[in-house]
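Trainee: I have the model open. Can we go through it step by step, from the outside in?

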Amino acid sequence: MKKYNIEFYSNNGYMLGESAYEYKDFSEVEQYVENLINNHSSLKITFENKVEFLRVTEIAKIVITEQK
């Protein structure tokens, strides 16, 4: 398993949130993002003391980085 950081940005470049999860490989991360976009669902991001929900329609850019 590898850990990937996924960052979500609005169309004006503002970071809406980020998450870090472990996946088998990069193709599994791509599948997660494709499913998220195709289902037009919302995304739950949990922070230390709060939870945020984002509508996928608010997301303009997604950056995926493998953590070493």
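Trainee: How much area does the protein chain expose, and what share of it do carbon and sulfur atoms supply?

Mentor: Keep in mind that this is a predicted model. The exposed area of the protein chain is about 5,000 Å². Carbon and sulfur atoms supply 46% of it.

Trainee: In what order do the elements run from the N terminus on?

Mentor: Start with the count: the protein chain has one helix and five strands. From the N terminus on, the order is β-β-α-β-β-β.

Trainee: What is the radius of gyration of the protein chain, and what does the globule rule give?

Mentor: First the outline: the C-alpha atoms fill a box of roughly 30 × 30 × 20 Å along the principal axes. For 68 residues, the globule rule gives 11 Å. The chain comes close to that, so it is as compact as a globular protein of that length. Its radius of gyration is 12 Å.

Trainee: What percentage of the residues is buried?

Mentor: Buried here means under 20% relative accessible area. Out of 68 residues in the protein chain, the buried share is 28%.

Trainee: Which residues of α1 are buried, and why are they on the same side?

Mentor: Helix α1 spans residues 26-38 and reaches 18 Å from its first C-alpha to its last. An α-helix has 3.6 residues a turn, so residues three or four places apart point the same way. The buried residues of α1 are Val29, Val33 and Leu36. They cover an arc of only 60 degrees around the axis, which puts them on the same side of α1.

Trainee: Which strands are included in what covers those buried residues of α1?

Mentor: Look at the strands on both sides of the helix in sequence. Before α1 come β1 (2-9) and β2 (15-23); they are part of the cover. The cover also includes β3 (42-46) and β5 (61-66).

Trainee: Which element gives the largest share of the largest nonpolar core?

Mentor: This core has 12 residues, among them Tyr4, Leu16, Val29 and Leu43. Two or more residues each come from β1, β2, α1 and β3. The largest share is three residues, and the element is β1.

Trainee: Take Tyr4 in that core. Which residues of α1 are among its contacts?

Mentor: Leave aside neighbours within four places in sequence. Tyr4 then contacts residues including Tyr21, Tyr23 and Ile64. With α1 at residues 26-38, its contacts there are Phe26 and Val29.

Trainee: Which residue just after α1 takes a positive phi?

Mentor: Helix α1 covers residues 26-38. Just after it, a phi of about 50 degrees is found at His40.

How values were computed: Residues numbered from 1 in each chain as written. Predicted model: local features only at pLDDT ≥ 70, side-chain atom pairs only at ≥ 80, totals over all residues. Heavy atoms only, no water. Helix = DSSP H or I, 4+ residues; strand = E, 2+ residues; numbered from the N terminus. Expected span 1.5 Å × (residues − 1). Buried < 20%, exposed > 50% of the residue type's maximum accessible area, 1.4 Å probe, protein only. Arc of directions from axis to C-beta. Contact = heavy atoms within 4.5 Å. Core = buried A, V, L, I, M, F, W, Y, C linked by side-chain atoms within 4.5 Å. Rg over C-alpha atoms; globule rule 2.2 N^0.38 Å. Areas by Shrake-Rupley, 256 points an atom, 1.4 Å probe, with all protein chains shown as cover.
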